[in-house]
Amino acid sequence: MSRDHDEPDPSEGPGFHGEEEVAEPVSARQNLIAAIVIGAIAILAMVLAVRLEVPGRLVAAPGLLPFLVGFSLLLMAVALGALAVRDGGAKNLFGGLSGAGEWLRDEERRRTLLLFAIIVAYVVVVDQVPFEWRWRVGTFDLRFSGYELFSIASLTVILRIFWRRPLVPHCFGVAFVVVMALAAVFRYGFRTLLPGLG
Amino acid sequence: MIWEQILEQAFQAFTPYMLLICLLGTTLGILWGAMPGLSTTMAMALLIGLSAGMGQNVAIMFMLGVYTGSVFGGAISAVLINIPGTPDAVPTMMEGHPLAKRGEGGLALGTAIASSFLGNWVGIILLIAFIPALLALALKFRSWEMFLLAIWGIAICGTMSSGERPLKGWISGWIGLLVAFVGLDRIDAVPRFTFGVWILEDGISYIPILIGLFGLTEILRVLPQKSPYAIPAEVGRVVPPMSTLWKYARTSIRSGLIGTVIGAIPGAGANVASFLSYDVARRRARPEERRKWGKGSYEAIVSAEVANNANIGGSMLPTLTLGIPGNAAAAAILAALEMKNVVVGPTIQTHNPGLIYFIYIALIIANFLMYGMAIALVRPCVKLFSLPRTLLMPLIIPICVIGAFAVSLNYFDVYVMLAAGVVGYVMRKYGFPLAPMVLAVILGPLADENLRRALIVFEGKSVGYVLTEHWIGTILIVVVLYTFYDGIFGRTRGKAKKTK
């Protein structure tokens, strides 16, 4: 059986490029911004680690590993920053600050912000407005809590915006069926509590 | 004694209820994996919440069913609609979809199903073969070795998950370590990074972080995009002839070994296994077969699918013996086990006698059910793909909330999940992989506690003593340094070679 062990031409097909196989390309400027933020986090971690009390011996200090991690993270941030500067990331670094309006002009970004705002509102409302209604049907205790109500409401809104169905009842129907089924599985199937006093 | 334990666990596993639970998990896993953009890890992370209400063995059976099903599930959408359900299905997509366009989609899927079945067997057999040896070795690990192992796990995960710039993987891991330090330290109960907020004193659970990073991040990333796709009308024959499988037996065995070994390396998931195996198989293929590569090769499908499924057994090796998850999906298994107070690691057999045998049996059952369900689900899956992502993704949001909350019935975890989702979104936008962060959040407390214990033990002793007395630790130091060296200089050399 003859086997050809030649190295194949890289252009023949793909190789492995990591978890971020299908990730969007990252610019040198983005890398430099990331390096600055990470550097700041690393310095903060080091300062906080040094300020921690040492109840026992210094070698077993609670801040020892946090400090070492902060320090090595700072070195990594410096390395990332240096690579970004080498690749031209420092050019027009602050140009983006004046272009916040430009940034928001991208439809996908606007949609992401909108989605995030709805999710935050949903999470906060479920937490802040807890309630539960109960109905006794024979021996069965039917319950409807803040989780179901706000999940159905927010899901209807999200579906209406992103699914692009013209009719709200369509979106409401899907949201109602999915949330009620999910709540039933957890509450009656696995007997776990739901958020929002459920 | 061993046979008694095996028999006892088999009696527990082969009950109609357990089989039904496994069938449910496998089916959910296949359907989930088949959905474009919904990864195995996402499925596992979200379903931890569902397993919270189950008993120990039921939860294990369910989670292993989901794991086995979802790793294969990615192949369905990859072949049928040219969108990989999971990242490890990309090679299957590149080879399977051209076959589907030629009307051989059913056969391509059938080959993927049979290969996945075979790959699972290789993984399970190697898991059973190597666990005793690894457990014996793991018992020799003391604090110093455990610390180094945790650091190596995070470092190698960073290297493996970030492609050409390992630095970003390491940064992701190191940020995860900082998150892991939040809360009262386990030795002196000193509050660290809590900023006076009492709720942070309990620390930050890694389960909401896992759900946020792999669930919410994906929703924020994918939902605002616009990418409609078409659905093929015909599937064709599904079950492949035995001659096709026999023809690629050698490729199967090699890919199975690659998949298992890669699975045993922390952080190197099924995607690494399938790409590496695909690459090796292409180099080793006969010239006439290699010409089909990229245009629809059955051998390529076999190489990728055997490897990513063998990865399951491989990933369970470090998870069960060292308590270090082989990949992010195995981290979810670890989380489910910890929620049931199962102590994984070198003493797993002492603390939970017979549990390992139950896990073997559960994997075998899940594999058989995966094979049957995969064949049965191919046609319904085509119908399911008529659901657009814009409908599918929003439905995951309440699952994320309930999953994060169900872990400890604490709403603070939902906020943690929300924050992790945003951080994950930003990290993805800036090209940082997420798996090292999750692994570091899990391993951070282990690394911290063991380093401090080791330094107390080493106080007053010479470096020579530490290096010779703790020879496993010395080997691990070399391995850690080599990982960083290879990440920095190996990649640079590779890049330079490519440029030439």
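**Notes on a predicted two-chain model**

1. Let's start with a loop. B:F193 sits in the loop of chain B that runs between β2 (191–192) and α9 (206–222). Keep in mind as you look that this is a predicted model. B:F193 has a positive phi, about 50 degrees, even though it isn't a glycine. That's worth a second look, because most residues other than glycine have a negative phi.

2. Is B:F193 buried or exposed? Count its neighbours: B:F193 has 21 C-beta neighbours inside 10 Å, so it counts as buried. The cut-off for buried is 20 or more.

3. Now slide along to B:F195, which is also found in the loop between β2 and α9 of chain B. Its phi is positive too, near 50 degrees, and again the residue is not a glycine. The surroundings are another story: B:F195 is exposed, because just 8 other C-beta atoms lie within 10 Å. For exposed, the limit is 12 or fewer.

4. Staying in chain B, find B:I175 in helix α8 (residues 166–180). B:I175 counts as buried because it has 24 C-beta neighbours inside 10 Å. If you want a pair to try your distance tool on, take B:I175 and B:A34: they are 141 residues apart in sequence, and their C-alpha atoms are 32 Å apart in space.

5. Next, the largest nonpolar core. It has 219 residues, and the members that touch the most other members are B:M63, B:L210, B:A362 and B:V438. Helix α17 (residues 355–384) of chain B supplies the largest share of this core, with 18 residues. Which residues does B:M63 contact, leaving aside neighbours within four places in sequence? They are B:G25, B:M44, B:L47, B:S51, B:I333 and B:A336.

6. Over to chain A, which has six helices and two strands. Their order along the sequence is α-α-α-α-β-β-α-α. Of its 198 residues, 29% count as buried. Take the contacts in chain A between residues at least 6 apart in sequence: 62% of them join residues at least 24 apart.

7. Helix α6 of chain A (residues 168–189) makes a nice worked example. It has 22 residues and spans 30 Å from first C-alpha to last, close to the 32 Å expected at 1.5 Å a residue. Its buried residues are A:C171, A:A175, A:V178, A:V179, A:L182, A:A183, A:F186 and A:R187. Look down the axis and you'll find the buried residues of α6(A) within an arc of 145 degrees, so they line one face of the helix.

8. What do those buried residues pack against? In chain A, the partners of α6(A) are β2 (140–145) and α5 (146–162), and chain B adds α19 (396–408). On the face of α6(A) turned away from the buried side you'll see the exposed residues A:P169, A:V177, A:A181, A:Y188 and A:G189. Just after this helix, A:R191 takes a positive phi of about 55 degrees.

9. Finally, how do the two chains meet? Chain A puts 63 residues into the contact and chain B puts in 67. On the side of chain A that touches chain B, the elements giving two or more residues are α1 (28–50), α2 (64–86), α4 (107–128), α5 and α6 of chain A. Sorted by class, that side of chain A has 39 nonpolar, 11 polar and 13 charged residues.

Notes
Residues are numbered from 1 along each chain as its sequence is written. Chains are lettered from A and ligands numbered from 1 in the order in which they are written. This is a predicted model: local features need pLDDT of at least 70, side-chain atom pairs count only at pLDDT 80 or more; totals for chains, interfaces and linings use all residues. Helices (H or I, at least four residues) and strands (E, at least two) are DSSP runs, numbered from the N terminus. Two residues are in contact if their C-beta atoms, placed from the backbone, lie within 7 Å. A nonpolar core is a set of buried Ala, Val, Leu, Ile, Met, Phe, Trp, Tyr and Cys residues joined through C-beta atoms within 7 Å. The expected span of a helix is 1.5 Å times one less than its number of residues. The arc is that of the directions from the helix axis to the C-beta atoms. Ala, Val, Leu, Ile, Met, Phe, Trp, Tyr, Cys and Pro count as nonpolar, Asp, Glu, Lys and Arg as charged, and the others, Gly among them, as polar.
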